[in-house]
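Hello,

Here is the structure I promised to pass on to you. Have a look at it first, and then read on for my notes.

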Amino acid sequence: GIMPWVFKRPWPTVGVQFVDGDDNPGFPYYALQNSYKNINVCWCQNWSIVKTGEEIPLVVKTLNDDSIDLSDHEITLTLYNPDFTICKEYTASYSDTVDFGTFTIPESFRNKCFIVSADITLNGVCINRSTYFNKCTGILDNPDTFKKYRTEPSDNFYFENGPFLKEEISKANKTELTAKLLNKGTDGNYNYADIEITNISDVAAFPVTISMKDESKRFFLSDNFFLLKGNEKKTVRITCDKGEA
């Protein structure tokens, strides 16, 4: 798969970015953690860089521990506009493979970043979600460049002047989140706290990022840097060294 590198270009490998200098997990850590869950829903993304007018396939597959019955679940694929409003959303009853057809990249996506999320849900509650980062660039309007990029291994595009994911997110519609403590306790050498986070806006929030006020304290979470849809809630567990507040 493809994991984010420096939010500037896709890169197929990640090394020291898994943890920071204080041993705290970073964005790629949680992407990898999610990929090892018993249930993992995946959009079969062919390319992370596309052009306007291009049709991209919308095939979703689920990796599942055979002991888990998913017959009552649903698969949802959501394509977001660059401002994080929903562009298209598709839902179907669970199957190992679901084909929603194709999506034609609109002109409004030109030279912008956009997000795609694949969900498996039960009674409207998300069980697993995978989030994908995409760029739509005018570089691929050149037929020779497009053919080369699609038919043979090529160097990654380097966007000296963007679009950059952080800048695109900063331009998107703003959201509002609330958080409340559900419970806290001690587990072996660690303290933990369960926090319920709710997106009380109509628009998706991404990436929802949780950190310690004192950045020198070691901590990890059940999930972090995740997408939270409009009016959706999620419970995460924060674990830190015993003795920390």
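Below is what I found, starting with a sheet and moving on to the core and one loop residue.

Please keep in mind that this is a predicted model. A good place to begin is an open sheet of four strands, with the order β11-β12-β16-β14 and antiparallel pairing. Since β11 (177-187) and β14 stand at the edges with a single partner strand each, one side of each is left without a neighbour in the sheet. From one strand to the next, the twist averages 25 degrees.

If you zoom in on β14, you will find three bridges joining it to β16 (residues 233-241), and the two run antiparallel. Phe-220, for example, has Thr-239 in β16 as its bridge partner.

Now to the interior. The largest nonpolar core has 26 residues, and Ile-197, Ile-210, Leu-221 and Val-236 are among those with the most contacts inside it. Elements giving two or more residues to this core include α1 (27-35), β9 (112-122), β12 (190-199) and β16. Apart from it lies another core, of 25 residues, among them Leu-58 and Phe-114.

Finally, where does Met-212 lie? You will see it in the loop between β13 (205-208) and β14 (219-221). Met-212 counts as buried because its relative accessibility is 17%, under the 20% cut-off. Leaving aside residues up to four places away in sequence, Met-212 touches Lys-217, Phe-219 and Cys-240. Met-212 and Ile-238 are 26 residues apart in sequence, and 9.5 Å separate them in space, C-alpha to C-alpha.

Enjoy exploring!

Best wishes

Notes:
Residues numbered from 1 in each chain as written. Predicted model: local features only at pLDDT ≥ 70, side-chain atom pairs only at ≥ 80, totals over all residues. Heavy atoms only, no water. Buried < 20%, exposed > 50% of the residue type's maximum accessible area, 1.4 Å probe, protein only. Contact = heavy atoms within 4.5 Å. Pairing = 2+ DSSP bridges. Axes fitted to C-alpha atoms, helices over the stretch in contact; angles between N-to-C directions. Core = buried A, V, L, I, M, F, W, Y, C linked by side-chain atoms within 4.5 Å.
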